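Work through the exercises below with the sequence and the coordinates open. Each task is followed by a stepwise solution.

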Amino acid sequence: MMKLIAVAVAAAFAAPALSQDKPAPPPAWHQGKPPAQAESKLAPHAGKMTETPASEIPIDKLKLPAGFKAEIWASGLPGGRAMAVSEDGKKVYVGTRIIGRVYEVTDEGSKRSVRVVVDKLTQPAGVAMKDGNLYVFAIDKVLRFDGIAKSSDVKPVDMTAKFDLPKEQHHNWKYVAFGPDGKLYVPFGAPCNICEPPSKEYAQIRRYNADGSGKEVIATGVRNSVGFDWHPKTKEMWFTDHGRDWAGDDGPQDELNRLAKPGNNYGFPYCHANGIADPEIKKQDACKGVTRPAALMGSHAAVMGVKFYTGKMFPAEYQNTMFLVRKGSWNRTKPNGFDVVNVRLGQDGKATYKPFATGFQQGADTYNFWGRPAYVHQMPDGAMLLSDEQTGAIYRISYQRPKAAAKKQ
Amino acid sequence: MLRKGRWAILLTAFFSVVVFSQERIQLCATCHGPDGNSPDPKIPSIAGQPKLFIETQLVLIREELRKSELMLPVVRGMKDPEIIRLADHFSKLPSRGMESGNPDAALMKAGAERAQALRCGICHTSDFGGQKQVPRLAAQREAYLEAEMRAYRDGKRTGGDTIMAATLYGVSDADIRALAHFLSRSKAPAPAR
């Protein structure tokens, strides 16, 4: 079985009055919970599995910089998160986790229609498009729908055997994308909150040829990355990574990382964030040889999708900057995240960020939220789509230069 | 004329929703009890369950992610707005204990201890009334609780979060029986959470 952190877990969860013959492995998200937090009521937020009508989404609460506007572009996609778009921008494919579906949203000009492409899968969160073919990654299955944008009833090709998927499920729901090298990039998260992974197949990012051949591990020590993109000029890969839980409200921050060369180690499980040695999983020189993040993105903020902006619609200052989505914390007394931030690169290789889209909570210090932003995607016209996993909706964020004469305030 | 026609359509739509929902509620009541408190020990009471919990379970069963041969024909093809209406209806009904006979003192004591040791109250709340996607356990049918806890432990009830399987991992049949006895006889808290 998994070499979990048995000591802390046993201390927190041991139930001496029970006639259990073996210690219970706690749910993966519970692992690493210290005895001091045994009575903590913090737990992952409940998702919503039913359709939220557009009329019940308070889109006017979303706050954006001057000149930007958000509208509900599509709704009725419960659990919708990562998006892949057909070349002409008319079809958007959307993955989910628990509800097990992949949606197809068709842009009909003034409105959008939604259909289910495939369902009953185990967390088909990963979707990617290449040469007109849709790739769907569930935890235990890989399907390819050839030419789907043109023929909606296409039967999928089962490519599972080519990708060598490991068996543990936790943190193995995926974000997938094709890089500028034409390869398919696939993360394999650590199957726990904090542990020595049970085998070498976890806590890494791999790339493959589009047909699943040529497997190559390009990053190790990556706890749970569910978002990445490539710099438009340097072609370097940038990826988000979730920090560990149950190490306090201000525990190791989430990361934005740069992959300058394949083979980098990002530290998990021994070294977190900007060089914090793990309090439980110990190793001498825990942070030696570990690539540090380009930016720390906040404790428990849940960094999700990240995209470089290359469109012409937004002001020039956004050119080649990143939009990064923080779905929002659960393992923290006070919330963190629940926003989209704009990340800019400095000369020193480090990055800084400031809020871009906020207002998903009713008050910054409360977990009373109406939405949980997940992914962004740039459309051919330069507008940006933003998916909301809680409302099962996609918002369109556009920009119109304020006319000096029409300026109010 | 046009205006009249539109009213007719609206009225028809309104009444078909109401009538249709009433029919569905009747159908649920056939097994789960007219007031949502189940007369059948193997079938769960759904009165006063958290709304989000009922919605989530109906979706999981409809999507065949939670396997239920009995429920699947009922929810197959059911649209989300109706699931939400049904969940809203049953979540607002008061729940009451349906077990008869005197509680077994030894089982009650053992069950209370085990519920404490397993920290059921952290998610199911301290009065076992449930919250959000987490079900009410208090005043649930004993035989149903026992069967479902065993199914979780043995990997036969899947589809949602893995926390229940992990919590009950290695828990003995006797302990599960005690938990079911204790929880089924815990006082039902007020609904509408």
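**Exercise 1. Determine the secondary structure content of chain B and how its residues are distributed between burial and long-range contact.**

Step 1. Chain B has nine helices and zero strands, where helices (H or I, at least four residues) and strands (E, at least two) are DSSP runs, numbered from the N terminus. Along the sequence the pattern reads α-α-α-α-α-α-α-α-α. The model is predicted: local features need pLDDT of at least 70 and side-chain atom pairs count only at pLDDT 80 or more, while totals for chains, interfaces and linings use all residues. Residues are numbered from 1 along each chain as its sequence is written, and chains are lettered from A and ligands numbered from 1 in the order in which they are written.

Step 2. Of the 193 residues in chain B, 36% are buried. A residue is buried if 20 or more other C-beta atoms lie within 10 Å of its own, exposed if 12 or fewer, and partly exposed in between, with C-beta atoms placed from the backbone.

Step 3. Take the contacts in chain B between residues at least 6 apart in sequence: 74% of them join residues at least 24 apart. Two residues are in contact if their C-beta atoms, placed from the backbone, lie within 7 Å.

**Exercise 2. Characterise helix α2 of chain B: its span, its burial and its packing partners.**

Step 1. α2(B) has twelve residues and reaches 17 Å from its first C-alpha to its last, close to the 16 Å expected at 1.5 Å a residue. The expected span is 1.5 Å times one less than the number of residues.

Step 2. Twelve of the twelve residues of α2(B) are buried, so the helix is largely enclosed by the rest of the structure. Among them are B:Lys51, B:Glu55 and B:Arg62, as well as B:Leu52, B:Phe53 and B:Ile54.

Step 3. These buried residues pack against α3 (72–75) and α4 of chain B. Just after the helix, B:Glu64 has a positive phi of about 60°.

**Exercise 3. Repeat the analysis for helix α7 of chain B.**

Step 1. α7(B) covers residues 142–153 and reaches 17 Å between its end C-alpha atoms, close to the 16 Å expected.

Step 2. Its buried residues are B:Glu142, B:Leu145, B:Glu146, B:Glu148, B:Met149, B:Tyr152 and B:Arg153. An α-helix has 3.6 residues a turn, so residues three or four places apart point the same way.

Step 3. The buried residues of α7(B) pack against α8 (163–167) and α9 (173–184) of chain B. B:Gly155 follows the helix, with a positive phi near 70°.

**Exercise 4. Describe the side of chain B that touches chain A.**

Step 1. 28 residues of chain B are in contact with 23 residues of chain A. On the chain B side, α2 (51–62), α4 (80–91), α5 (105–117), α6 (120–124) and α8 each supply at least two residues.

Step 2. α2(B) gives the most, with four residues.

Step 3. By class, this side of chain B has 13 nonpolar, seven polar and eight charged residues. Here Ala, Val, Leu, Ile, Met, Phe, Trp, Tyr, Cys and Pro count as nonpolar, Asp, Glu, Lys and Arg as charged, and the others, Gly among them, as polar.

**Exercise 5. Locate A:Asp119 and list its contacts.**

Step 1. A:Asp119 is found in the loop between β5 and β6 (126–130) of chain A.

Step 2. A:Asp119 is partly exposed, with 15 other C-beta atoms within 10 Å.

Step 3. Leaving aside neighbours within four places in sequence, A:Asp119 is in contact with A:Gly100, A:Arg101 and B:Glu63. The C-alpha atoms of A:Asp119 and A:Thr96, 23 residues apart along the chain, are separated by 9.8 Å.

**Exercise 6. Work out the strand order of the sheet in chain A that contains β5.**

Step 1. The order is β2-β3-β4-β5 in an open sheet with antiparallel pairing; two strands pair if DSSP finds at least two bridges between them.

Step 2. The edge strands are β2 (83–85) and β5 (112–118) of chain A, each pairing on one side only.

Step 3. Six bridges join β4 (residues 102–107) of chain A to β5(A). One of the bridge partners in β5(A) is A:Ser113, which pairs with A:Thr106.

**Exercise 7. Identify the nonpolar cores.**

Step 1. A nonpolar core is a set of buried Ala, Val, Leu, Ile, Met, Phe, Trp, Tyr and Cys residues joined through C-beta atoms within 7 Å. The largest has 91 residues, and those with the most contacts inside it are A:Tyr93, A:Val127 and A:Leu324.

Step 2. A second, separate core of 18 residues includes A:Met49, B:Leu52, B:Ile61 and B:Ile83.
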